[in-house]
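The following note is offered to a colleague beginning to read protein models. Please keep the sequence and the structure in view while going through the numbered points.

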Amino acid sequence: MRALTYQGKRDVRVETVPDPRIQDPDDIVVRITSTGICGSDLHLYEVLGPFIDPGDILGHEPMGIVEEVGPEVTAVAPGDRVVIPFNVSCGHCFMCDQGLQSQCETTQVRERGTGASLFGYTKLYGQVPGGQAEFLRVPFGNRLPVKVPHGPADDRFVYLSDVLPTAWQAVEYAAIPPGGTVTVLGLGPIGAMAARIARHRGASLVVGVDLVPERLTRAAEYGAKCLDLRRYGKHLGDAVRDLTDGRGTDAVIDAVGMEAHGAPVAKAAHWAVGLLPDAIGERLMGTMGVDRLAALYAAIDIVRRGGTVSLSGVYGGAADPLPMLTMFDKQIQLRMGQANVWRWVEDILPLLTDEDPLGVDTFATHRLPLEEGPQAYKTFQDKADGMIKTLLIP
């Protein structure tokens, strides 16, 4: 089959690799019909190279048609249409029973001290082959796939793999009071969808912050009050307080993470680690990694006293300094973590209708053949061509 593979920093290629096969009795093999490029894929492209090997298959946002099932699979059958959550979760362990599929005890990567395995995402999370490919082996075939109806285009359902549950959890964790206010930092795919979900769930004011004009325009079309970071810069907190009687918003969602602009020292550290041999770079990132915390610092500044900061952007540093005095003094609540996909599926599925309240049918800005994946990664990294969300079609 053809698959998009990692080959080195800023070097991904579509290559011919062996087809996946049934290995365990409850495995299924899915023929991929659509697969997204996620902002966190860019971390592999740029920063996390020490934790990934050349030839690893990328991607964790796939959906498609069941091609083959193992002998113990009864929940789906060949021909069924399914979305594959990015968490590789068993669905029946203690953590899964708590709705914490991202902490699944069956697939935790204990030798790395991390949570559940993820499709297409480094040695830190199990080094499981990903979904930017023509076919994908999926374990736990009775519990992991999300079965969806035939009929509507893939765009209707594919974001159940990651974007929708990640954004939904970001809003849930933000604990916005009824009719309350929220600032969303970063209007890429997750931030843009979080802003839409917050409005749908009743927030009276959603402030969206970014520095890419196309992202700001798109968020404004769905009711966000948008602030251009290029204009407000260090005065962003003051601008938000001016909109909220001097207090700041009830909640802030950081949908940026370690790719935040600013923090030139941390940016240089990311660049330098990416140039080291993998064995050295891996040890350095694991013990001394420093993130670019501009977005998190902004969130702490912007949120009102007693408010909540919800982190959905990925952070990976082991030595990040936090303004603990300010966080304590402001009584800030902080929630974070990988999305627990299956926990939110039942809340989201009723919204995936012809009325399309969240705009999923038109959410993708680009649909490209899988073979154009390498150029799509570069375009997305460069924030060029108005690219906000790309679906690859194998």
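1. Two residues are said to be in contact when heavy atoms of theirs lie within 4.5 Å. With this meaning in mind, consider helix α10, which spans residues 294-302. Its buried residues are A295, L296, A299, I300 and I302. What covers these buried residues of α10? The cover includes the strands β8 (181-185), β11 (249-254) and β12 (303-311), together with the helices α7 (236-242) and α11 (324-329).

2. The same helix also takes part in the surface. Y297 lies in α10 and is partly exposed, with a relative accessible area of 36%. Together with L322 and M324, Y297 forms a nonpolar patch on the surface, and the accessible area of the three residues is about 280 Å².

3. The reader should bear in mind that this is a predicted model. The mean pLDDT of the protein is 90, and 89% of the residues reach 70 or more. Over residues 260-273, however, pLDDT stays under 50. For that stretch the model has 23 contacts beyond four places in sequence. Where pLDDT is low, the predicted coordinates should not be read in detail.

4. Some overall values set the scene. The protein has 394 residues, of which 55% count as buried. It contains 13 helices and 15 strands. Of the contacts with a separation of 6 or more, 72% are between residues 24 or more positions apart. The protein exposes about 16200 Å², and carbon and sulfur atoms supply 52% of that area.

5. The nonpolar interior deserves attention. In soluble globular proteins, nonpolar side chains tend to be buried together. Here the largest nonpolar core has 66 residues, and Y159, L164 and M193 touch the most other members. Which residues are in contact with L164, leaving aside its neighbours within four places in sequence? They are Y159, M193, I197, I348, L352, L358 and V360. Apart from the largest core lies another core of 20 residues, among them V88, C104, V128 and F140.

6. The count of salt bridges comes to 20. One of them joins D24 and R137, whose closest N and O atoms are 3.2 Å apart. D24 lies in the loop between β2 (11-16) and β3 (28-37), while R137 lies in strand β6 (residues 135-138), so the pair ties together parts that are 113 residues apart in sequence. Both partners are partly exposed: D24 has a relative accessible area of 38%, and R137 is at 21%. This pair does not stand alone, since D24, D27 and R137 are linked in a network of salt bridges.

7. A salt bridge also forms between D53 and K123, with the closest N and O atoms 3.1 Å apart. D53 lies in the loop between α1 (41-46) and β4 (62-69), and K123 in the loop between α2 (94-97) and β6, so this pair ties together parts that are 70 residues apart in sequence. D53 is partly exposed, with a relative accessible area of 26%.

8. The side chains of D80 and K147 likewise meet in a salt bridge, at 3.5 Å from N to O. Since D80 is in the loop between β4 and β5 (81-83) and K147 in strand β7 (residues 146-148), the pair ties together parts that are 67 residues apart in sequence. Are the partners buried or partly exposed? D80 counts as buried because its relative accessibility is 15%, under the cut-off of 20%. K147, at 49% relative accessibility, counts as partly exposed.

9. Finally, two backbone angles should be checked. Q127 is a residue other than glycine, and its phi has a positive value near 50°. Q127 is found in the loop between α2 and β6 and is partly exposed, with a relative accessible area of 31%. D356 also has a positive phi, of about 50°, although it is not a glycine. D356 is found in the loop between α12 (341-348) and β14 (366-369). Is D356 buried or exposed? D356 is buried, with a relative accessible area of 14%.

How values were computed: Residues numbered from 1 in each chain as written. Predicted model: local features only at pLDDT ≥ 70, side-chain atom pairs only at ≥ 80, totals over all residues. Heavy atoms only, no water. Patch = residues over 30% accessible without salt bridge, like charges linked within 9 Å, V, L, I, M, F, W, Y side chains within 5 Å. Areas by Shrake-Rupley, 256 points an atom, 1.4 Å probe, with all protein chains shown as cover. Salt bridge = Lys/Arg side-chain N within 4 Å of Asp/Glu carboxyl O. Helix = DSSP H or I, 4+ residues; strand = E, 2+ residues; numbered from the N terminus. Buried < 20%, exposed > 50% of the residue type's maximum accessible area, 1.4 Å probe, protein only. pLDDT = per-residue confidence, 0-100. Core = buried A, V, L, I, M, F, W, Y, C linked by side-chain atoms within 4.5 Å.
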